[in-house]
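Welcome! Take a look at the sequence and the structure below, and then try each exercise before reading its solution.

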Amino acid sequence: MQLASSSSMPSNHYDVIIVGAGIAGCALAQALATLKRPAPLRVCLLERSLAEPDRIVGELLQPGGVEALRRLGMVSCLEGIDAVPVRGYCVVLDGKPVHIPYPDGHEGRSFHHGRFIQSLRKKARTAPGVEAVEATVSELVECPTTGRVLGVRATRKTEGEEKAVHKETFLADLTIVADGCFSNFRNTVLSGAGMKPVTKSHFVGIVLEDVELPIPKHGTVVLVKGHGPVLLYQIAGHDTRMLVDLKVPLPSDIKQVILDEIMPQLPTSLQDPVCSALAKDRIRRMPNTFLPPAEQGHHTKEGVFLVGDSWNMRHPLTGGGMTVAFNDVVVLQDLLNDVEDFGDWNEISQVLHRWHWRRKQFASTINILSVALYDLFGADDESLAVLRVGCFKYFELGGNCIRDPVSLLAGIEQSTLLLARHFFAVALYAIWAMFAHRRWITVDEKPVYVKPGFEEYPILFFKCIRVFWTACVVFLPLVWTEVRWW
Ligand SMILES: Cc1cc2nc3c(=O)[nH]c(=O)nc-3n(C[C@H](O)[C@H](O)[C@H](O)COP(=O)(O)OP(=O)(O)OC[C@H]3O[C@@H](n4cnc5c(N)ncnc54)[C@H](O)[C@@H]3O)c2cc1C
């Protein structure tokens with residue numbers, strides 16, 4: 001591990017410090033190491049544990065994320081980790097599947113998160129000028145007069161002496177915080193700018209052994225009544241991840257709720273493996289948090305900025321977090337190529353301003369889509385349930401009703417306008433289906449499958465106004481979180 005810089009800096013002084021060697025931190029270290037400069041930057045990558053993490057996050061990388069990795073020269077990190085190709089999705093409602101393939105042969109990858117992280121770390125640690133240090137950052141070091149961040153203080157685990165700890169100061173021209181969703185430094189860096197993170201639900205994760213999904217090599221989304229959606233995707237030769245979305249407040253006996261209320265709604269071939277996994281596997285859970293990005297630079301703390309989940313989070317239903325993080329780094333790398341002095345906050349602030357708006361094209365689309373789709377798929381009122389059925393029926397139409405939405409979700413297409421067009425097309429189709437499609441009703445205690453009669457139109461007309469209003473209330477505030485400029 002390391003140091004190829006020709007710099008004559010003292011050993012604890014770097015050009016850039018990165019806090020966190022996760023998805024964003026590793027990609028950023030590699031990107032900084034490959035900037036077009038006369039000599040490589042001296043980058044310190046601080047990570048609290050370099051051991052392989054065992055987490056239920058970041059296990060499906062969309063095709064748009066694979067492409068970003070390729071642009072960063074890191075696509076080889078997907079090799080040798082038993083990764084599985086992902087060719088699209090299968091959405092299941094009431095036992096009925098709809099096939100949603102990625103267009104034009106695009107592929108994503110799914111894998112064990114820990115193996116992927118170790119592969120990214122290996123690549124980042126061997127990049128020129130990058131020094132990886134196993135240490136937990138406890139505070140930002142600020143100039144007592146200007147408040148500018150000059151570096152960090154961290155506690156290092158000394159090799160060979162597991163218990164010995166040393167608090168050290170690491171200084172840099174620029175500090176970048178990539179410490180993930182539970183960031184300890186978010187509030188300090190943003191200095192009150194931006195919105196508060198909102199946790200709507202939790203994903204509960206288990207691993208199923210040797211199951212066959214309804215469509216192999218496709219992410220499966222099962223829409224269940226009374227709870228959020230269930231996600232399944234193969235993450236290795238024999239392992240399939242199942243994530244169950246449970247709304248807050250969480251039930252006291254999660255296992256029992258999965259067994260009694262969710263398992264019966266899953267495809268029958270999955271029910272026995274779910275039972276076995278629940279019996280022997282430890283249930284793990286993670287909060288699903290939404291945090292819109294706030295502009296950083298002139299209004300936030302000097303000398304430091306946030307990247308990755310510490311700055312911007314979306315619902316993980318659409319598996320977009322890593323794709324956004326890698327694409328963010330691609331844009332940043334391009335902008336940082338022109339920076340002469342990493343200690344010049346004016347120059348960095350201009351980069352941050354341009355980054356904030358240039359990334360909107362892809363990040364906003366993925367952010368908005370994730371939360372809007374979650375609201376529909378996790379429908380918890382009558383109007384949302386109408387939209388959920390409408391969305392499923394819209395996918396059944398095929399053609400562009402599948403191709404465009406899945407391209408946006410996969411990070412292949414980037415257009416908030418296209419997303420808005422399809423979202424409201426779903427709403428209008430859902431309304432039309434209320435009038436024109438047959439549905440089950442009970443007549444004389446017998447179920448019958450009929451279209452609504454004219455006598456039902458006044459009430460349906462009232463309902464369709466509520467459905468359209470609900471669609472606006474879901475979508476427009478999300479757009480607002482992305483376009484607000486302060
Ligand atoms: C349940 C769930 C499932 C998800 N599934 C997917 C998915 O399938 N596909 C997808 O694209 N995205 C998914 N995501 C989102 C994705 O995991 C994140 O967007 C991504 O991991 C963010 O990367 P990051 O680098 O910001 O944070 P992380 O990858 O979490 O990295 C943060 C790093 O910082 C380190 N760190 C933290 N504090 C300190 C400290 N004080 N000192 C030193 N080091 C520190 C941590 O150890 C960690 O290594 C999911 C999220 C959740 C919650």
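The exercises below go from the whole chain to single residues, and the model they use is a predicted one.

**Exercise 1. Describe the overall build of the protein.**

Step 1. Begin with the secondary structure: the protein has 13 helices and 18 strands.

Step 2. Now judge how compact it is. The radius of gyration is 24 Å, and the globule rule gives 23 Å for 486 residues; these values are close, so the protein is as compact as a globular protein of that length.

Step 3. Look at the extent along the principal axes, where the C-alpha trace spans about 85 × 45 × 45 Å.

Step 4. Turn to the inside. Of the 486 residues, 45% are buried.

Step 5. Finish with the contacts. Among those with a separation of 6 or more, 76% join residues that are 24 or more positions apart.

**Exercise 2. Find how the chain is divided into domains.**

Step 1. Read the domain assignment: domain 1 is made of 13–82 + 110–195 + 291–361, domain 2 covers 198–289, and domain 3 covers 363–483.

Step 2. Add a distance to the picture: the C-alpha centres of domain 2 and domain 3 are 24 Å apart.

**Exercise 3. Work out which strands of the sheet β3-β7-β4 stand at its edges.**

Step 1. Write down the order: this open sheet has three strands, β3-β7-β4, paired antiparallel.

Step 2. Count partners. β3 (60–61) and β4 (84–86) each have a single partner strand, so they are the edges, and one side of each has no neighbour in the sheet.

Step 3. Zoom in on one pair. β3 and β7 (residues 108–110) are joined by two bridges, and L60 has S110 in β7 as its bridge partner.

**Exercise 4. Decide whether L45 is buried or exposed.**

Step 1. Locate L45: this residue belongs to strand β2 (residues 43–47).

Step 2. Count its neighbours. L45 has 32 C-beta neighbours inside 10 Å, and 20 or more are needed to be called buried, so L45 counts as buried.

Step 3. See what L45 touches beyond four places away in sequence: the list includes I18, A21, G25, V130 and A132.

Step 4. Compare sequence with space: R121 is 76 residues from L45 along the chain, yet their C-alpha atoms are 9.7 Å apart.

**Exercise 5. Identify what surrounds the ligand.**

Step 1. Take the whole shell: 36 residues surround the ligand, and the closest are G20, G22, G180, G308 and G321.

Step 2. Sort by element. Among those that supply at least two residues each are α1 (23–33), β2, β8 (130–142) and α7 (321–336).

Step 3. Pick the top contributor: α7 gives the most, with four residues.

**Exercise 6. Examine the two spans recorded as "transmembrane region" and the hairpin of β17 and β18.**

Step 1. Check the record: an unreviewed UniProt entry lists residues 418–436 and 457–480 under this name.

Step 2. Compare with the model. Residues 418–436 are 100% helix, with end C-alpha atoms 26 Å apart. Residues 457–480 are also 100% helix, and their end C-alpha atoms lie 34 Å apart.

Step 3. Go on to β17 (residues 439–443). None of its five residues is buried, so β17 lies largely in the open.

Step 4. Find the partner of β17: it pairs antiparallel with β18 (residues 446–450) over five bridges, and W440 stands opposite Y449.

Step 5. End at the turn: two residues lie between the strands of this hairpin, and D444 takes a positive phi near 50°.

How values were computed: Residues numbered from 1 in each chain as written. Predicted model: local features only at pLDDT ≥ 70, side-chain atom pairs only at ≥ 80, totals over all residues. Rg over C-alpha atoms; globule rule 2.2 N^0.38 Å. Buried ≥ 20, exposed ≤ 12 C-beta atoms within 10 Å, placed from the backbone. Contact = placed C-beta atoms within 7 Å. Pairing = 2+ DSSP bridges. UniProt positions renumbered as here; feature names shortened; annotations may be inferred. Domains from an automatic or database assignment. Near = placed C-beta within 6 Å.
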